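Here is a short report on one protein chain. Look at the fold before reading on.

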Amino acid sequence: MIRSIKVLFISSSMCCLLQSYVVNADPIDTSVVEMLSVPSAMKQLESNGYYDFRMIKVERKHNEIVIKARNKAGEAVELEMDLYTGAILHEQANNAEIQ
């Protein structure tokens with residue numbers, strides 16, 4: 001009888017403990033942010049005056065897209081674009097001409 005009371009007490013204590021963890025758990029973020037597709041990234045860059053895309057490399061590890069292209073002035077540039085927002089993070093003149 002005492003043994004069954006101990007088992008009952010332990011099991012009810014565990015249930016309360018688990019229930020408190022469930023109630024206080026971190027909320028799950030249900031908003032899903034989609035990655036920018038390569039065609040939509042190219043359209044966005046074209047609307048900003050970039051053209052002659054030679055290299056487009058998606059780097060998921062760094063959440064960016066690396067692009068070699070030409071800017072409005074016709075200069076060869078290498079761009080780093082945010083994979084989710086499409087913002088240009090970095091633009092560098094490519095001293096070696098795009099071939």
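Contact here means that heavy atoms lie within 4.5 Å of each other. By that rule, and not counting residues up to four places away in sequence, E59 touches E64 and V66. E59 is found in strand β1. Is E59 buried or exposed? Buried means under 20% relative accessible area. E59 has a relative accessible area of 19%, so it counts as buried.

**Confidence**

This is a predicted model. The mean pLDDT of the chain is 77. Of its residues, 63% reach 70 or more. Confidence is lowest in helix α1 (residues 2–23), with a mean of 52. It is highest in β3, at 95. Where pLDDT is low, the predicted coordinates should not be read in detail.

**Overall layout**

The chain has 2 helices and 4 strands. From the N terminus on, the elements run α-α-β-β-β-β. Buried residues make up 22% of the 99 residues. The chain exposes about 7,700 Å². Carbon and sulfur atoms supply 57% of that area. Now take the contacts with a separation of 6 or more: residues 24 or more positions apart account for 26% of them.

**The sheet**

How are the strands ordered in the sheet? The 4 strands form an open sheet in the order β1-β2-β3-β4. The pairing is antiparallel. The edge strands are β1 (51–59) and β4 (88–93), and each pairs on one side only. From one strand to the next, the twist averages 20°.

Helix α2 (residues 38–47) packs on this sheet. The helix touches β1, β2 (64–70), β3 and β4. Its direction makes about 135° with that of β1.

Two strand pairs can be set side by side. In both, the strands run in the antiparallel sense.

| Strand pair | Bridges | Example of bridge partners | Residues between the strands | Turn residue and phi |
|---|---|---|---|---|
| β2 and β3 | 7 bridges | E64 and D82 | 5 residues | G74, about 85° |
| β3 and β4 | 5 bridges | E80 and H90 | 5 residues | G86, near 85° |

Each of these pairs forms a hairpin. In the hairpin of β2 and β3, G74 in the turn has a positive phi. In the hairpin of β3 and β4, G86 takes a positive phi. E64 appears again here: its bridge partner in β3 is D82, and E64 is also one of the residues that E59 touches.

**The core**

Which residues make up the largest nonpolar core? It has 12 residues: L36, A41, L45, Y50, F53, I65, I67, A69, V77, L79, M81 and L83. The elements that give two or more residues to this core are α2, β2 and β3.

A41 gives a view of the contacts there. Leaving aside its neighbours within four places in sequence, A41 is in contact with L36, I65 and M81. Those three partners are also listed in the core.

Why is β3 largely enclosed by the rest of the structure? The reason is burial: 5 of its 7 residues are buried, so the strand is largely enclosed. β3 (residues 76–82) pairs with β4 and also with β2. Helix α2 touches β3 too. And β3 is where confidence is highest, at 95.

Definitions and conventions. Residues numbered from 1 in each chain as written. Predicted model: local features only at pLDDT ≥ 70, side-chain atom pairs only at ≥ 80, totals over all residues. Heavy atoms only, no water. Pairing = 2+ DSSP bridges. Axes fitted to C-alpha atoms, helices over the stretch in contact; angles between N-to-C directions. Buried < 20%, exposed > 50% of the residue type's maximum accessible area, 1.4 Å probe, protein only. Core = buried A, V, L, I, M, F, W, Y, C linked by side-chain atoms within 4.5 Å. pLDDT = per-residue confidence, 0-100. Areas by Shrake-Rupley, 256 points an atom, 1.4 Å probe, with all protein chains shown as cover.
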